[in-house]
Structures are given as C-alpha cells and as structure tokens.
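Here are some comments to read alongside the model. Each point takes up one part of the fold, and it may help to find the named residues on screen as you go.

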Amino acid sequence: MDDEEDQVPLHHGIFQLLSILTKDKRPRIWKFLSEFYNVEPRVGYHLLYYLYSRAQLDLYLEFTSYTSAGTLKACLTEDLRICQEEDSPATFYKIIPDLYQKFPAVTTGNSSILHLIVSCIDSQQLHTIVCNVMSKKMKIFNVRSISSLLRATLEWETFEQYCVWQLLSAESVPSESVIDVLKDIKDTHHFELFSSMLIFLKICETHRKRSSRRSYSCRTLRINL
C-alpha cells in the first residue's frame, strides 16, 4: 500500500471528498464508487485502508450498502482477500485488529476472514495477534459457531490449523464448546485436530485446577481470618 500511495491513484482524490461532504451529499460519491468497484475491485480495499488510516471506518459501512453485494460481511471479506493477495502482509495485519474491534458482528466467528489471517501468517504476526486476543482487543471466535468453524478448518493446511488452536487457547474458549465438534467427525485421519485438541484440553484442565486451588485458598483464608 505504501508503494501505491506514491503513485496517488485517481480514486484517492474522490476519497478525500468524503471528509468534507455532509452525510446527505455522500450518496452520489458512494454510487460512483460502487460502479467503479464493479470494474476495479481493488477500489474497495483502497477505500478500506484509506478510511482506516483516518479513523473513519464508519464510512466504509455506509459504502457497502451501495455495492452489488450489499452487505458489510461480503464486502469486507472480499476486500480483505484482495488486500491479503495483492498488498504487503504488513498492510493486511496492520488493519485486522481494528476491523475486529469495529465490526465484531461480521468478523467474530467468520471462518473466511480467519482463514485469510492464518494462511499467510508468520511467527511474529501470530505473536502480535495472540497478544491482541489475550488483551481483549480482538475476539475471533463465537462460542455458538465454533463447531462449524473447526469443521471448516479440517480442509486447511497443518500450520494453518496449528495457528487456529493457538488463537483458541489465547481466547480461553470453553472446552465444552470445542469437544462438541468430535460428535460430527467420523474420519480418524484428522491428526492435526486430535493432537491440537488434546493439548488444548490439557491446558484447560490445568487452568481449571489452578483456579480451583486459588478459590479454595481464598475460602480458607477468609475462614481463618
């Protein structure tokens, strides 16, 4: 994205109008951009990054309602796919945390966006996202849809599945919601899933024991006092 900013694409001039136009005058810009978007799909992620850099992501939601897709979820997933494939990884991973914070209804539990994240991630980027998850800046998983998400990951590469389980552990997802996926798996060749789940459950059990000991110690202390 930084290299492209030196060239100043024509549509950036149109983007700049968004900052000075009132809400009732923006529809004309949205209609023009949506037509441009149909011809040149990269316009969507250029707009997304432009608005991200100016802390105006609310305007991206406005824009998506004028597109042929018509939904934030469809537009965001497609624009992130193009960003991930055509721009630098630094740009893609830079905007991900803010998008999860701003649009949790369409990012949390979204297996397509999660796959984009883990399919080109390196160890440093994984560490950064794990830290964001543990500090509650990102919520990646929806407990109600974890089973279907994990079933989707069975077709992913081994390292991609490994990253998903790292993120599951970082988010402290309840073990009960993860175990449910076993009911639907008949194929015993999904070794990535089974080994990752064993480690995950072991970590959950360890945390549970520590929590129980801590609770018991607090109760004993109160009684003694």
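**Notes on helix packing and salt bridges**

1. The crossing of α6 and α9 is left-handed, and it is a good place to begin, with the reminder that this is a predicted model. The contact is made on the α6 side by Leu-76, Thr-77, Leu-80, Arg-81 and Gln-84, and on the α9 side by Ser-112, Ile-113, Leu-116 and Ser-119. Sorted by character, the residues of this contact comprise 4 nonpolar, 4 polar and 1 charged.

2. The geometry of this pair can be described as well: the axes of helix α6, which covers residues 72–86, and helix α9, which covers residues 111–119, come within 10 Å and cross at roughly 10°. Since angles under 35 degrees count as roughly parallel, α6 is therefore described as roughly parallel to α9.

3. Helix α6 also packs against α5, with the axes 9 Å apart and an angle of about 110° between them. That angle makes α5 roughly perpendicular to α6, because the range from 65 to 115 degrees is given that name. The crossing of α5 and α6 is right-handed, whereas that of α6 and α9 is left-handed.

4. Which residues bring α5 and α6 together? From α5 come Tyr-60, Leu-61 and Thr-64, and these meet Leu-72, Cys-75, Leu-76 and Asp-79 of α6. The residues of this contact divide into 5 nonpolar, 1 polar and 1 charged. Please note that Leu-76 is named here in the contact with α5, and is also listed in the contact with α9.

5. The structure holds 7 salt bridges, and one of them joins the side chains of Glu-62 and Arg-26, with a distance of 2.8 Å from N to O. This pair links distant parts of the chain, as Glu-62 belongs to helix α5 (residues 57–64) and Arg-26 to helix α3 (residues 26–39), and the two are 36 residues apart. Both Glu-62 and Arg-26 are buried.

6. Within helix α6, Arg-81 deserves a careful look. The side chains of Arg-81 and Glu-78 meet in a salt bridge at 2.5 Å, N to O, and the two residues lie 3 residues apart in α6, about one turn of the helix. Arg-81 also forms a salt bridge with Glu-85, where the closest N and O atoms are 2.7 Å apart. Because Glu-85 and Arg-81 are 4 residues apart in helix α6, they too are separated by about one helical turn.

7. Are the partners Arg-81 and Glu-78 buried, partly exposed or exposed? Arg-81 has a relative accessible area of 29% and is therefore partly exposed, and Glu-78, at 30% relative accessibility, counts as partly exposed as well. The buried category would require a value under 20%. By contrast, the residues of the bridge between Glu-62 and Arg-26 are both buried.

8. A further group of charged side chains should be mentioned: Glu-40, Arg-42 and Glu-86 are linked in a network of salt bridges.

9. Finally, consider Ser-34, which is placed in helix α3. Its relative accessibility is 5%, so Ser-34 counts as buried. Leaving aside residues up to four places away in sequence, Ser-34 touches Phe-63, Tyr-66 and Thr-67.

Technical notes: Residues are numbered from 1 along each chain as its sequence is written. This is a predicted model: local features need pLDDT of at least 70, side-chain atom pairs count only at pLDDT 80 or more; totals for chains, interfaces and linings use all residues. Side-chain values use heavy atoms; hydrogens and water are left out. Axes are lines fitted to C-alpha atoms, for helices over the stretch in contact, and angles run from 0 to 180 degrees between N-to-C directions. Angles under 35 degrees count as roughly parallel, over 145 as roughly antiparallel, 65 to 115 as roughly perpendicular and the rest as oblique. A crossing is left-handed if the near helix is turned anticlockwise from the far one by less than a right angle, and right-handed if clockwise. Contact means heavy atoms within 4.5 Å. Ala, Val, Leu, Ile, Met, Phe, Trp, Tyr, Cys and Pro count as nonpolar, Asp, Glu, Lys and Arg as charged, and the others, Gly among them, as polar. A salt bridge is a side-chain nitrogen of Lys or Arg within 4 Å of a carboxyl oxygen of Asp or Glu. Buried means under 20% relative accessible area, exposed over 50%, partly exposed in between (1.4 Å probe, protein chains only).
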